[in-house]
Amino acid sequence: MMNKYKLHEFLDVQRLQTLQDNFSKSMMIALVVVDENGVPVTRPSGFSDFCARSRLNPNLTHHCYESDKAGGRAAMQAREPVVYRCYCGFVEFAVPIMINDHYLGAFISGQVKVEEEKERSIPYILNNNEIWEENPWLINLHQTTRRMNYERFESTASTLLHVSSYLVEQAHANNIQRELRTKDLELTNELRMRVEIERSLHEAEFKALSYQINPHFLFNVLNTIGRLAFLEDAQRTETMVHDFSDMMRYLLRKNNHGLITLRNEMNYVNSYMSIQKVRMSDRFDYLYDIPEKYLDVVCPFLILQPLVENFFNYVVEPRDTSSHLLIRATDDGQDVIIEVTDNGDGIPADAITQILSGDQNLQKGSIGINNIKNRLTLLFGESYGLEIMSANKPRMGTTIKLRFPMLEA
């Protein structure tokens, strides 16, 4: 089973080191804290000369780690201190550090000899390995290792178990409080995002709301005008009325949390463009390249309308030369990418920064772009939004790129 916490993440290692140093000094016994693999997490305290010197040898160090690991695992299974002899024959004990049945590591203490009769009854934690005897300088250190009364040794292990339990309980309580604070913050952020979504949707639907006083009256009038145009053989007028009627139906549609299909969004844009063609004739060209596979993908309601409207306000209207707009869709295998490109004079880099930051001092069209960016991020996550690319040179144009997940309705 994978541990939820690592020992060095669960306990404050610096405070653990201080406790370990003081405990070792007061009890006159070696002590170190190891992780679940027997690797030391703290610096050794009170180590015997034999152990301190032998751990300078990488080969012997490996045997020490294996012994500590085995001792800790035995204590984990017993759920209490376990006394054993390490591969060098010293008497040691391991106190498990556990939380909710997860083994994090152990206190390893000892490096002593006890009464000979008692010592003979204590099993080796691993197979007796006398590899250390190949080092003559260690033999004398082994013989001079201090002895300790076994009763006192066992009492020390019991005391350390109580200390370990207290540390773990305190750390666990702190972690629970930290997790609760994190969840509370996440909930607060989620509520804030919900408020932001509602606010953004209300802004996006402002025009629609302004027509909701009496929609039946509105459509009755439009149908009457369309019928009169048909009877009078005014085909352009009839088409324009029908396009406008379709736009109004789209604006008044009840949508699911601000989401609509790209097909419906493009139908609205096409109706809008048809009306503008009647108004402005040959002053602009409009092309779109939206493959069929993208038309049933969901996107935010009125996601393209502010961009198309800005094209007329800031590219077509201010100049007499012909203007062009291209809307195309591609994907990267996961997300749909919509590019809206015009041939205007571009936008300065500092203005792009202000637009994306939501600077309220900018013109109205810029606020609409920022609203699109915010809705994409709030609805789909931080990796989604809007980019603006512009050379800021005459007739070099601007490209606005939208990204949202390729999810079908």
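This passage describes a four-stranded sheet with its packed helices, two cavities and the surroundings of one leucine in a predicted model.

In the predicted model, an open sheet is formed by four strands in the order β1-β4-β3-β2, and the pairing within this sheet is antiparallel. Its edges are taken by β1 (30-35) and β2 (82-85), each of which pairs on one side only, and neighbouring strands are turned against each other by 25° on average when direction is ignored. The antiparallel pairing of β1 with β4 (residues 102-112) extends over six bridges, and Val 33 is found opposite Phe 107 in β4.

Two helices are placed against these strands. Helix α2, which spans residues 13-27, lies across β1 and β4 and runs at about 150° to β1. Helix α4, which comprises residues 58-78, packs on the sheet and touches β1, β2, β3 (91-99) and β4, its direction making about 55° with that of β3.

Two cavities of 30 Å³ or more are present in the structure. The largest cavity has a volume of about 80 Å³, and its lining includes Cys 51, Cys 64, Cys 86 and Cys 88 together with Tyr 87 and Gln 111. Two or more residues of this lining are given by each of α3 (49-54) and α4, with α4 providing the largest share, three residues. By class, the lining of the largest cavity consists of five nonpolar, three polar and three charged residues.

The second largest cavity encloses about 50 Å³ of space, and among the residues that line it are Ala 30, Leu 31, Val 32, Phe 47 and Ile 108. At least two residues of this lining are supplied by each of β1 and β4, and the greatest contribution, four residues, is that of β4. Here too the classes can be listed: the lining of the second largest cavity has five nonpolar, three polar and three charged residues. Arg 55, Asp 68, Glu 92 and Gln 111 appear in the linings of both the largest and the second largest cavity.

Elsewhere in the chain, Leu 407 is located in the segment after β11 (398-405). Contacts of Leu 407, with residues up to four places away in sequence not counted, are made to Asp 296, Val 297 and Val 298. For Leu 407 and Asp 296, the separation in sequence is 111 residues, while the C-alpha to C-alpha distance is 8.3 Å. Leu 407 is classed as partly exposed because its relative accessible area is 47%, a value that lies between the limits of 20% for buried and 50% for exposed residues.

Technical notes: Residues are numbered from 1 along each chain as its sequence is written. This is a predicted model: local features need pLDDT of at least 70, side-chain atom pairs count only at pLDDT 80 or more; totals for chains, interfaces and linings use all residues. Side-chain values use heavy atoms; hydrogens and water are left out. Buried means under 20% relative accessible area, exposed over 50%, partly exposed in between (1.4 Å probe, protein chains only). Contact means heavy atoms within 4.5 Å. Two strands pair if DSSP finds at least two bridges between them. Axes are lines fitted to C-alpha atoms, for helices over the stretch in contact, and angles run from 0 to 180 degrees between N-to-C directions. On a 1 Å grid over the protein atoms alone, a cavity is a set of points where a 1.4 Å probe fits but cannot get out, and a pocket is an open set with protein on both sides within 12 Å along at least five of seven lines; lining residues have an atom within 4 Å of a point. Grid points are joined across faces, edges and corners, and a volume is the space filled by probe spheres set on the points. Ala, Val, Leu, Ile, Met, Phe, Trp, Tyr, Cys and Pro count as nonpolar, Asp, Glu, Lys and Arg as charged, and the others, Gly among them, as polar.
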